[in-house]
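The following exercises are to be worked through with the sequence and the model at hand. Each task is followed by a solution in steps.

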Amino acid sequence: MLTWANEHQDEYLNEMLRLEGRGYPAIYLTCGGCGRADPTFRCEHQTCYGPSLFCQPCIVQRHAVLPTHWIQQWDGKYFVRQSLKDLGLVIQLGHPAGTSCPNSTKVHKDFVLIDVTGIHDIALNYCLCDSNIKERQQLMRVCWWPATVRTLQTCATFAVVRLFQTLNCLGKVSAHNFLKSLELLTNNDGLVPVPDRRRAFHHIVCQYRITLMMKHAGRGHDPSGVHGTAQGELALWCHACPQAGINLPDGWDNINWDAMPEDLRCVSFFFRGGEGLQFWSLLQASRYKYFFSSHRIAIFGSL
Ligand SMILES: [Zn+2]
Ligand SMILES: [Zn+2]
Ligand SMILES: [Zn+2]
């Protein structure tokens, strides 16, 4: 840290400033895709196609499966952020990326997709080639979770839901603060209104958690399905919990508490947990914290 502070701070600052411009001639004189002169578009994330500049058709075509990347357009002095929807990208569901559907239908004009890069307006078409595949199923098959089952207007990518789940369980990040962060990633100056999708995001996270529990419990492989789930079948096996014959001393169920020295009684005791699941466990005191925190994280994570 000291070496960086004393010798390299200016270098790092200059490199950051350098990214505000177009870079060196080899990447901005001709389009990185078709070779056309004077390209003006690049991807803000640069994790997909690097710092090269592209013409509009090439940047749109290269983001056919990356609709939540932000695009920057060089206006002669600086880069201006653009959305792929404004540049003409239309996602076609039900067919390989970049191909068209002979029986497509447009979605709601205000369709919004929440992703780790922000909150995006998206233009997409559903496929009507197979009427058995519902529109919401087409969304799930590209890893977008719809907030409603009818009048589909908001989705969240599986990636952003997983990120929130982890941050919420380990970092105690609330849905409100998480959504606020995504809004700032979308528009940091607050001058452009960002679609308010808090209620929709809550629905998505609740559905995701319930469905994940069902999946982990194997309910998808049971003919009776989700609604055939019996009481307690979603409880997790906890390796920290005492199990008879594994990590409990012989005679654990016949302890003579009166004969046990008073200062050792706290080592073993019964614990009863609630919130939908009932646990009768003989716990060692040192395991209490792990038991409680692990079950909260796995099951009861709150919004
Ligand atoms: Zn091009
Ligand atoms: Zn990109
Ligand atoms: Zn089709």
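The protein chain contains eight helices and 12 strands. The model is predicted. Of the 303 residues in the protein chain, 34% are buried.

**Exercise 1. Contacts along the chain**

Task: State what share of the contacts between residues at least 6 apart in sequence joins residues at least 24 apart, and give two pairs of residues that are separated along the chain, with their C-alpha distances.

Solution.
Step 1. Take the contacts in the protein chain between residues at least 6 apart in sequence; 51% of them join residues at least 24 apart.
Step 2. Locate Arg141, which lies in the loop between helix 4 and strand 9. Its relative accessibility of 57% is over the limit of 50%, so Arg141 counts as exposed. The C-alpha atoms of Arg141 and Gly94 are 8.4 Å apart, although 47 residues separate the two along the chain.
Step 3. Locate Lys77, in the loop between strand 2 (71–74) and strand 3 (79–82). With a relative accessible area of 70%, Lys77 is exposed. Between the C-alpha atoms of Lys77 and Gly21 the distance is 8.5 Å, and the two residues are 56 apart along the chain.

**Exercise 2. The zinc ion (ligand 2)**

Task: Determine which residues coordinate the zinc ion (ligand 2), and name the geometry of its site.

Solution.
Step 1. List the donor atoms: Cys43 (SG), Cys48 (SG), His63 (NE2) and His69 (ND1) coordinate the zinc ion (ligand 2), at 2.0 to 2.2 Å.
Step 2. Read the spacing of these donor residues in sequence, which is C-x4-C-x14-H-x5-H.
Step 3. Examine the angles among the four donor atoms, which run from 101 to 116°. Four donors count as tetrahedral if all angles lie between 85 and 135 degrees, so the site of the zinc ion (ligand 2) is tetrahedral.
Step 4. Consider the two histidines. His63 has a relative accessible area of 0% and is buried; His69 is buried as well, with a value of 12%.

**Exercise 3. The zinc ion (ligand 3)**

Task: Carry out the analysis for the zinc ion (ligand 3): which residues coordinate it, and which parts of the chain do Cys101 and Cys129 link?

Solution.
Step 1. The donors of the zinc ion (ligand 3) are His95 (NE2), Cys101 (SG), Cys127 (SG) and Cys129 (SG), at 2.0 to 2.2 Å.
Step 2. The angles among the four donor atoms are 105 to 117°, and the site is tetrahedral.
Step 3. The donor residues follow the spacing H-x5-C-x25-C-x1-C in sequence. Within this site, Cys101 and Cys129 link distant parts of the chain, 28 residues apart. Cys101 belongs to the loop between strand 4 (91–92) and strand 5 (104–106), and Cys129 to the loop between strand 8 (124–127) and helix 4 (135–140).
Step 4. Compare accessibility with the limits: buried means under 20%, so Cys101, at 9%, is buried. Cys129, at 41%, is partly exposed.

**Exercise 4. Cysteines and disulfides**

Task: State how many disulfides a search of the whole structure finds, and say whether Cys58 and Cys169 are buried or exposed.

Solution.
Step 1. Recall that a disulfide is a covalent bond between the sulfur atoms of two cysteines.
Step 2. The search of the whole structure finds zero disulfides.
Step 3. Cys58 has a relative accessible area of 10% and is buried. Cys169 is buried too, at 9%.

**Exercise 5. Helix 5**

Task: Check the length of helix 5, and decide how its buried residues are arranged about its axis.

Solution.
Step 1. Helix 5 covers residues 158–171, a total of 14 residues. At 1.5 Å a residue it should span 20 Å; the end C-alpha atoms are 19 Å apart, which agrees.
Step 2. The buried residues of helix 5 are Phe158, Val160, Val161, Phe164, Gln165, Asn168 and Cys169.
Step 3. Viewed down the axis of helix 5, these buried residues fall within an arc of 165°, so they line one face of the helix.

**Exercise 6. Positive phi**

Task: Describe where Cys143, Thr151 and Lys172 are found, and give the phi of each.

Solution.
Step 1. Most residues other than glycine have a negative phi.
Step 2. Cys143, not a glycine, has a positive phi of about 65°. Cys143 lies in the loop between helix 4 and strand 9 (144–146) and is partly exposed at 38%.
Step 3. Thr151 has a positive phi near 45°. Thr151 lies in the loop between strand 9 and strand 10 (154–157) and is exposed at 63%.
Step 4. Lys172, just after helix 5, takes a positive phi of about 60°.

Technical notes
Residues are numbered from 1 along each chain as its sequence is written. Chains are lettered from A and ligands numbered from 1 in the order in which they are written. This is a predicted model: local features need pLDDT of at least 70, side-chain atom pairs count only at pLDDT 80 or more; totals for chains, interfaces and linings use all residues. Side-chain values use heavy atoms; hydrogens and water are left out. Donors are N, O and S atoms within 2.8 Å of the metal (3.2 Å for Na, K and Ca); water is not among the atoms, so sites may look incomplete. Four donors count as tetrahedral if all angles lie between 85 and 135 degrees; four count as square planar and six as octahedral if opposite donors are over 155 degrees apart and all others between 65 and 115; anything else is irregular. Helices (H or I, at least four residues) and strands (E, at least two) are DSSP runs, numbered from the N terminus. Buried means under 20% relative accessible area, exposed over 50%, partly exposed in between (1.4 Å probe, protein chains only). A disulfide is a pair of cysteine sulfur atoms within 2.5 Å. The expected span of a helix is 1.5 Å times one less than its number of residues. The arc is that of the directions from the helix axis to the C-beta atoms. Contact means heavy atoms within 4.5 Å.
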